Amino acid sequence: MYVYPRADVVTTRPKIQSDLATCNTGPQKACNAKSVLRHFSVFPEVHHMLVTPIFVDRECHVCAATSRFGGPMRQRFKKFSTKSLLCSSALACLLSAESVAMAQDTQSATVLQSIVVTGKTDATAPIDGYVAQTSNSGTKTDTPILQTPQSLSVVSATEIKDRDARTLADVLAYSPSFTAQPRSFSRVADRFRIRGFDVEPGTGGLLRDGMRLQNNSYDGTQEPFGLERVDVVRGASSVLYGQLSPGGFVNGVSKRPTDEPLREIGIEGGLNKRKQVTADFSDALTDTLSYRLTVMGRDSDTPVNYSNDDRFYIAPALEWSPDDDTTLSILGFYQRSSTRFPASIPYQIIDGIGSGPFFLKRGTFIGEPGYDRMVSDMSALGYEFTHRFDNDVKFSSKSRYYESDLDWRYLMAQTGTAAVNNAAATGILARQYSDRYDQAKGFTHDMNVEFDLDTGPLSHSFVVGYDFYDTSYDSDNFRAAVGSIDLNNPVYGTPIVVNKNPALNRGGKTTTTQHGIYVQDNINFYERWNVLWGLRHDWADQEFRIHRTGQTITRDTQETTWRAGLVYEAANGLAPYISYAQSFFPVSIGAFTNDINFDPTTGEQIEAGIRYQPPGTNMLFSAAVYQLTQDNVVSANLAGDLTQIGQQRARGLELEAKADLTDYLTMVGSYAYTDARITKSEVAEEIGRRSENTPYHQAALWMTYDLAQLGVEGLSVGGGVRYKGTTRASGIDHGIPANVVVDALVRYDVNENVTLSVNATNLFGKDYVNCEFSSCQYGDDREVMASVRIRW
């Protein structure tokens with residue numbers, strides 16, 4: 001017999017959830033300061049089965065509880081008036097052995113300790129500090145990270161702000177097994193590598209709010225200021241999202257209306273004439289309707305001559321909660337970016353990589369200021385709806401429409417051997433133009449039902465769903481040679497005349513549709529064991545129309561994927577796990593227009609790991625080892641015939657820590673060992689070649705310290721170190737040197753309303769290079785930004 005946080009209820013353990021559901025069938029009432037019972041006691045037999053404490057009012061209404069063996073017992077309370085008291089899981093860490101009591105019978109009284117509770121509990125809510133407790137990216141349900149049998153990281157809005165992350169690559173710079181190109185490139189495209197595999201919009205790996213956003217890597221980038229958090233799920237993950245790279249995916253979570261009124265503006269300025277203004281507002285419009293408005297405007301140069309980095313971003317959001325079990329959210333954004341595309345440079349003229357004698361100076365612009373431009377308009381509008389029925393069945397539905405227009409033209413180096421050798425010898429660079437206009441649009445939808453079911457000692461939490469997307473990407477692309485430039489002393493003004501003869505159009509229109517059905521079951525047994533399994537089937541269709549010839553090619557694919565994982569949650573906070581997962585991705589019809597019905601590439605991953613969350617702390621430590629293999633990679637033999645015998649494999653170790661070490665000291669740390677390479681190919685020389693831009697070793701450490709501990713009230717300092725080991729690039733016969741860069745933060749809270757801060761990235765101006773294939777980019781220069789934020 002066990003007592004849980006209703007002193008007048010005694011039950012056996014298997015009946016806890018059903019009794020709570022029965023308890024909650026009465027008329028719903030607001031969980032406000034007058035009616036909430038702000039006293040509870042959680043007994044050890046129940047506490048280790050609960051992620052969040054259970055709160056009940058005097059009318060026996062459950063405010064919030066999450067069971068490790070049964071999923072959500074009752075939908076979290078949303079928002080109430082400013083006099084309301086919100087139910088929350090934030091106080092779970094305050095539970096102690098002193099709260100233990102045993103009931104003698106159903107009439108016995110228990111004296112409970114007063115506790116005031118506030119805040120949200122779901123995986124889209126703001127994170128207090130750096131350490132997230134839950135994520136829905138890996139399971140499509142609000143699941144404790146400890147229970148997720150797959151490696152994942154979460155970067156909160158607080159961490160994004162503290163590190164002054166300006167691109168999505170900056171946001172993830174301290175995450176393990178993650179690499180990206182320098183900011184000069186990452187400000188125009190969210191293209192990354194995770195565990196040695198490409199993760200980008202073109203591989204389905206960039207999500208927004210759990211659904212695919214773009215289908216073209218250059219449509220635009222996700223604005224970090226508009227994100228509440230960023231989740232990174234590493235490894236094969238198709239069972240919930242369909243076609244994906246085996247490396248995993250990145251999910252940006254939009255800012256939403258907050259529980260408490262929010263009014264904040266920021267003014268920033270820095271090197272390269274950078275000027276930026278931000279505004280973030282949220283409040284309740286009525287007792288059931290609230291809003292959020294996020295705005296950012298930037299006018300800036302960059303370390304590269306003639307290259308700007310301007311952007312305007314606005315994201316309105318509405319949330320309607322007519323009762324505790326129903327929520328409708330409207331989320332949208334519009335973004336306009338103006339910059340110039342950073343064309344890659346042949347490695348032969350890169351200082352430290354090529355043999356010269358000529359080396360391109362950092363900051364040199366190889367295009368034409370009067371011609372080069374890259375202007376994109378990117379917008380999206382969607383909804384999210386959830387409703388929990390009286391039988392605790394939860395229905396969720398969300399959809400989004402997205403479109404973008406991109407006008408970009410730039411000059412790039414000619415890549416012929418004679419042209420490159422001449423540039424390295426003399427500094428005279430032969431150029432060609434790339435003149436493009438791209439349009440993309442897409443509609444995506446996801447709906448599912450969650451329900452709980454007990455079968456003997458097994459407690460199931462099922463998710464059954466269907467998702468769909470339909471996207472198109474239409475590109476006009478013209479390219480031809482233009483006049484050379486003397487990079488020893490650049491003189492600009494060469495007229496650029498573009499020949500747009502349709503017969504020379506290199507572009508085409510790609511249409512992609514996907515339908516997927518999926519089922520997932522999270523099973524708890526013996527209270528500490530969790531099994532997660534899932535199964536999915538997808539239908540993926542591609543159509544590609546070649547503009548130059550008018551030829552249309554179609555390719556249809558079906559694939560079934562599955563995964564399974566086991567987690568054991570020990571009482572001391574340790575949670576070891578093991579898992580197997582699959583992925584698939586259709587061979588790009590735009591890259592291989594041959595009349596061949598290619599099988600999709602497939603991925604398989606075996607992973608074992610352990611997480612540790614010391615009880616009563618705000619810390620999370622993670623470790624994982626894995627083997628990840630991608631098969632059916634297209635490879636050409638010496639006769640030019642295409643086959644699918646290609647294989648890539650990655651093996652590695654990941655370590656990550658996010659922790660409030662003390663009340664004054666916060667830490668983020670990571671390390672990754674990654675051995676990613678080609679293991680099968682028609683070309684013998686390719687076998688054993690390491691993946692592009694993937695070091696064996698990389699590590700990062702970021703810490704912040706509040707000097708109030710030393711008697712200096714309001715002043716905080718922070719610093720970070722990022723190490724990236726040597727990498728290899730195909731086409732370059734030697735390694736790319738390792739590099740170490742240092743970041744820094746100084747912040748002063750003038751009072752509760754005003755904060756001053758100074759951030760620096762690459763504080764000591766370390767020169768380094770990033771290379772992929774046979775071209776390179778110089779690494780980020782030193783950047784310094786000062787800001788003031790005002791809240792009221």
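The following exchange asks how several descriptions of this predicted model are justified.

Reader: Why is the contact between Glu268 and Arg789 called a salt bridge?

Author: The side chains of Glu268 and Arg789 have a nitrogen-to-oxygen distance of 3.5 Å. A salt bridge requires a side-chain nitrogen of Lys or Arg within 4 Å of a carboxyl oxygen of Asp or Glu. The pair therefore qualifies, with 3.5 Å set against the limit of 4 Å.

Reader: What makes this a link between distant parts of the chain?

Author: Glu268 belongs to strand β18 (residues 262–270), Arg789 belongs to strand β42 (residues 783–791), and 521 residues separate the two.

Reader: How do you know whether Glu268 and Arg789 are buried or exposed?

Author: The term buried is used under 20% relative accessible area. Glu268 has 8% relative accessibility and therefore counts as buried. Arg789 has a relative accessible area of 12%, so Arg789 is buried too.

Reader: What makes Arg677 and Asp675 a salt bridge, and are these residues buried or exposed?

Author: Their side chains meet at 2.8 Å, N to O, and the definition asks for a distance within 4 Å. As for accessibility, the limit for buried is under 20%. Arg677, at 17%, therefore counts as buried, and Asp675, at 15%, counts as buried as well.

Reader: Why is the pair of Arg722 and Asp743 said to tie together parts of the chain?

Author: The closest N and O atoms of Arg722 and Asp743 are 2.9 Å apart, and the two form a salt bridge. Arg722 sits in strand β37 (residues 715–724) and Asp743 in strand β38 (residues 739–749), so the salt bridge ties together parts that are 21 residues apart in sequence. Asp743 has a relative accessible area of 6% and is therefore buried.

Reader: Which residues are joined into one network, and what makes it a network?

Author: Lys140, Asp446, Asp467, Arg536 and Asp538 are joined by salt bridges that share partners. In the whole structure, the search finds 40 salt bridges.

Reader: What makes the backbone at Asp209 and Glu527 worth a remark?

Author: Neither residue is a glycine, yet Asp209 has a positive phi of about 55° and Glu527 has a positive phi of about 70°. Asp209 is placed in the loop between β14 (206–208) and β15 (211–212). Glu527 is found in the loop between β28 (508–525) and β29 (529–546). With buried meaning under 20%, Asp209 at 7% is therefore buried, and so is Glu527 at 15%.

Reader: Which peptide bond is cis, and where is its proline?

Author: The bond from Gly356 to Pro357 is cis, with omega near 15°. Pro357 is located in the loop between β23 (345–346) and β24 (373–388).

Reader: How do you know that there is empty space inside the model, and how many cavities does the structure hold?

Author: A probe the size of a water molecule, rolled over the atoms, shows where empty space is left. The structure holds 14 cavities of 30 Å³ or more. The largest cavity contains about 630 Å³ of space, and the second largest has a volume of about 540 Å³.

Reader: Which residues line these two cavities?

Author: The lining of the largest cavity has 45 residues, and Ser184, Arg187, Thr302, Val304 and Pro342 lie nearest its centre. Among the elements that each supply at least two of its lining residues are α5 (183–186) and β21 (309–323). By class, this lining has 13 nonpolar, 16 polar and 16 charged residues. The second largest cavity is lined by 34 residues, the closest to its centre being Ala169, Ala173, Ala180, Arg722 and Tyr768. Its lining divides into 15 nonpolar, eleven polar and eight charged residues. Strands β37 and β38 are among the elements that each supply at least two residues of the lining of the second largest cavity.

Reader: Why is Leu285 called partly exposed, and what patch does Leu285 help to make?

Author: Partly exposed covers the range between buried, under 20%, and exposed, over 50%. Leu285 has 49% relative accessibility and therefore counts as partly exposed. Together, Leu285, Leu318, Ile330 and Leu381 make a nonpolar surface patch of about 350 Å². Leu285 itself is placed in the loop between β19 (274–284) and β20 (289–299).

Conventions
Residues numbered from 1 in each chain as written. Predicted model: local features only at pLDDT ≥ 70, side-chain atom pairs only at ≥ 80, totals over all residues. Heavy atoms only, no water. Helix = DSSP H or I, 4+ residues; strand = E, 2+ residues; numbered from the N terminus. Buried < 20%, exposed > 50% of the residue type's maximum accessible area, 1.4 Å probe, protein only. 1 Å grid on protein atoms, 1.4 Å probe; cavity = no way out; pocket = protein on both sides within 12 Å on 5 of 7 lines; lining within 4 Å. Points joined across faces, edges and corners; volume = space filled by probe spheres on them. Nonpolar A, V, L, I, M, F, W, Y, C, P; charged D, E, K, R; others polar. Patch = residues over 30% accessible without salt bridge, like charges linked within 9 Å, V, L, I, M, F, W, Y side chains within 5 Å. Areas by Shrake-Rupley, 256 points an atom, 1.4 Å probe, with all protein chains shown as cover.
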